[in-house]
Amino acid sequence: MILRLKPININELRMLNNGKIWNIKGYLNSIKSLTPLIGFVKVIHEGSSLYVEGKVETIINLRCDNCLNLF
């Protein structure tokens, strides 16, 4: 599954005092993860700029290039 955020018109975002929050839960095709990605992206319109904050967590296995063990 590819995660897709729904777009928001900049004028709609300007009218939201607390900004817009997109909750994220799902998997990415490009990264094999043991658990789904879980998190959020928050955007607030601040006059002539946008404040963007986000946090996403998951668990993945990586392989060491030296010994080839998973960690």
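Let's start with contacts that reach far along the chain: of the contacts in this protein with a separation of 6 or more, 29% are between residues 24 or more positions apart. Keep in mind, please, that what you have in front of you is a predicted model.

One example of residues distant in sequence is Tyr 51 and Gly 19. They are 32 residues apart along the chain, yet their C-alpha atoms are 9.0 Å apart in space.

Now, the overall layout. The protein has one helix and three strands, and reading from the N terminus the order is α-β-β-β. What about its dimensions? The C-alpha trace spans about 55 × 25 × 15 Å along the principal axes. The radius of gyration is 17 Å, whereas a compact globule of 71 residues would come out near 11 Å. As for the surface, the protein exposes about 6000 Å², and 55% of that comes from carbon and sulfur atoms. Buried residues make up 18% of the 71.

Let's walk through the strands. Strand β1 covers residues 20-26 and strand β2 covers residues 37-45; they run antiparallel and are joined by seven bridges. If you want a place to look, find Lys 25, which stands opposite Ile 38 in β2. Next, β2 pairs with β3, again in the antiparallel sense, over eight bridges. Here you can look for Val 43, whose bridge partner in β3 is Val 52. Between β2 and β3 the hairpin has four residues, and Gly 47 there takes a positive phi near 80°.

Staying close to that turn, let's visit His 45, which lies in strand β2. Is His 45 buried or exposed? It is buried, because its relative accessible area is 16% and the cut-off for buried is under 20%. Who are its partners? Leaving out residues up to four places away in sequence, His 45 touches Ile 10, Leu 13, Arg 14 and Leu 50. There is also a link to the turn we just saw: a polar atom of the His 45 side chain lies 3.3 Å from the backbone oxygen of Gly 47.

Now back to Tyr 51, this time with its surroundings. Tyr 51 sits in strand β3, residues 50-57. With a relative accessible area of 37%, Tyr 51 is partly exposed. Setting aside neighbours within four places in sequence, Tyr 51 is in contact with Lys 42, Val 43, Ile 44 and Glu 46. Within its own strand, the side chain of Tyr 51 makes a polar contact of 3.4 Å with the side chain of Glu 53.

Last stop, the cysteines. How many disulfides does the structure hold? Zero. A disulfide, remember, is a covalent bond between the sulfur atoms of two cysteines. So why is Cys 64 not bonded to Cys 67? The sulfur of Cys 67 is the closest cysteine sulfur to that of Cys 64, but the distance is 3.6 Å, which is too far for a bond, because the two sulfurs would have to be within 2.5 Å. Seen from the other side, Cys 67 is in no disulfide either, and its nearest cysteine sulfur is that of Cys 64. Both of these residues are partly exposed: Cys 64 has a relative accessible area of 23%, and Cys 67 has 43%.

That's my tour, and I'm happy to take questions!

Methods:
Residues numbered from 1 in each chain as written. Predicted model: local features only at pLDDT ≥ 70, side-chain atom pairs only at ≥ 80, totals over all residues. Heavy atoms only, no water. Helix = DSSP H or I, 4+ residues; strand = E, 2+ residues; numbered from the N terminus. Buried < 20%, exposed > 50% of the residue type's maximum accessible area, 1.4 Å probe, protein only. Contact = heavy atoms within 4.5 Å. Polar contact = N/O pair within 3.5 Å; in protein donor to acceptor, adjacent residues only side chain to side chain. Pairing = 2+ DSSP bridges. Rg over C-alpha atoms; globule rule 2.2 N^0.38 Å. Areas by Shrake-Rupley, 256 points an atom, 1.4 Å probe, with all protein chains shown as cover.
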